[in-house]
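Please walk me through this structure, beginning with the metal site and moving outward to the pocket and to single residues along the chain.

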Amino acid sequence: MKQIISPSLLSANFLKLEDDINIINKSNADWFHIDVMDGVFVPNISFGFPIIKFIKKAAEKPLDVHLMIVDPDKYITDFKNVGADYLTVHYETCNHLHRTIQNIKANGMKAGVSLNPHTNISVLEDVIGDLDLVLLMSVNPGFGGQKFIENTYKKIEQLSILKEKYNKNLIIEIDGGVDNTNYKKLLDKGANALVAGSYIFKSENMFEAIDVLKG
Ligand code: DX5
Ligand code: ZN
């Protein structure tokens with residue numbers, strides 16, 4: 001299967017959000033990446049339930065929701081109710097990660113876990129069999145438009161070994177600084193889903209930018 005492309009709406013034009021959503025609908029992109037930030041886990045605040053509810057009304061593709069919030073357990077049902085299809089929590093925010101993953105799945109969503117650039121892949125070994133997706137941050141979470149961290153390649157290789165051993169259907173998604181210069185190497189190392197914000201939304205032709213990443 002071809003790689004999944006998940007444009008990050010964090011870089012969209014919020015004044016004309018529906019127009020940008022319609023472009024993604026018509027494009028060859030696969031998902032909508034939705035970044036939720038609380039100003040506590042990350043030094044930025046993005047948007048919450050009312051906006052996601054409207055995005056869901058216009059979006060014709062699955063919502064890939066990336067929670068950068070402390071205590072995500074509190075809100076799992078709410079995210080289901082506003083239309084999340086994939087719900088990804090940060091390893092660094094969960095004291096009882098196994099329970100959180102079960103909770104996401106019990107609410108009828110696909111479960112993902114994200115790791116910050118400093119968090120070692122090995123922490124996933126005992127839950128990877130339960131996951132649909134692992135989201136590797138290739139920048140420190142909080143902002144779009146940051147520089148890609150090269151160490152990510154090594155982490156994809158390490159994660160691919162665990163995937164082979166425990167969960168061959170796992171989606172390995174990369175988030176942060178993804179563009180036309182690095183997407184190929186990310187895929188070669190074993191990634192099969194790419195998030196891209198500024199590369200897509202700041203390009204002159206979003207359809208073409210998506211097609212470049214789609215390969
Ligand atoms: C950063 C977010 C990313 C961000 C990516 O914390 O998780 O999804 O929107 O943006 P770019 O592709 O511009 O690095
Ligand atoms: Zn994200």
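In this predicted model, the zinc ion (ligand 2) has four residues as its protein donors: His33 through NE2, Asp35 through OD, His66 through ND1 and Asp175 through OD. These donors lie 2.0 to 2.3 Å from the zinc ion. Along the chain, the donors of the zinc ion follow the spacing H-x1-D-x30-H-x108-D. The two histidines link distant parts of the chain, since histidine 33 belongs to strand S2 (residues 32-37) and histidine 66 to strand S3 (residues 63-68), 33 residues apart.

The geometry can be read from the angles. Around the zinc ion (ligand 2) there are 6 donor atoms, and they subtend angles of 71 to 169 degrees, so the arrangement is octahedral. The assignment requires opposite donors to be over 155 degrees apart and all other angles to lie between 65 and 115 degrees. For reference, the ideal angles for six octahedral donors are 90 or 180 degrees.

Both histidine donors, 33 and 66, are buried. For histidine 66, which sits in strand S3, the relative accessibility is 1%, and therefore this residue counts as buried; the cut-off for that class is under 20%. Besides donating to the zinc ion through ND1, histidine 66 makes a polar contact, side chain to side chain, with histidine 90 at 3.0 Å.

The next feature is the largest pocket, with a volume of about 260 Å³. It is lined by 24 residues, and those closest to its centre are Phe143, Gly144, Gly145, Asp175 and Gly176. Asp175 thus appears in two roles, as a donor of the zinc ion and as one of the residues closest to the pocket centre. Strand S2, strand S8 (193-196) and helix H7 (198-201) each supply at least two residues of the lining. Sorted by class, the lining consists of 11 nonpolar, 10 polar and 3 charged residues.

Helix H1 (residues 17-26) offers a contrast in exposure. Isoleucine 24 is part of this helix and counts as buried because its relative accessibility is 0%. Lysine 26 is also found in helix H1, but with a relative accessible area of 64% lysine 26 is exposed. Separations in space can be set beside separations in sequence for these two residues. The C-alpha atoms of lysine 26 and phenylalanine 207 are 8.4 Å apart, with their positions 181 residues apart along the chain. For isoleucine 24 and threonine 152, 128 residues apart along the chain, the C-alpha separation is 27 Å.

Two loop aspartates remain. Aspartate 130 is placed in the loop between strand S5 (110-115) and strand S6 (133-137). Its relative accessibility of 24% is why aspartate 130 counts as partly exposed. Its C-alpha atom is 8.5 Å from that of histidine 98, a residue 32 positions away along the chain.

Aspartate 71 lies in the loop between S3 and helix H3 (76-81), and is likewise partly exposed, at a relative accessible area of 37%. What is the phi of aspartate 71? The value is positive, about 50 degrees, although the residue is not a glycine. As background, most residues other than glycine have a negative phi.

Conventions. Residues numbered from 1 in each chain as written. Chains lettered and ligands numbered in written order. Predicted model: local features only at pLDDT ≥ 70, side-chain atom pairs only at ≥ 80, totals over all residues. Heavy atoms only, no water. Donors = N, O, S within 2.8 Å, 3.2 Å for Na, K, Ca; no water. Tetrahedral: all angles 85-135°; square planar, octahedral: opposite > 155°, others 65-115°. Helix = DSSP H or I, 4+ residues; strand = E, 2+ residues; numbered from the N terminus. Buried < 20%, exposed > 50% of the residue type's maximum accessible area, 1.4 Å probe, protein only. 1 Å grid on protein atoms, 1.4 Å probe; cavity = no way out; pocket = protein on both sides within 12 Å on 5 of 7 lines; lining within 4 Å. Points joined across faces, edges and corners; volume = space filled by probe spheres on them. Nonpolar A, V, L, I, M, F, W, Y, C, P; charged D, E, K, R; others polar. Polar contact = N/O pair within 3.5 Å; in protein donor to acceptor, adjacent residues only side chain to side chain.
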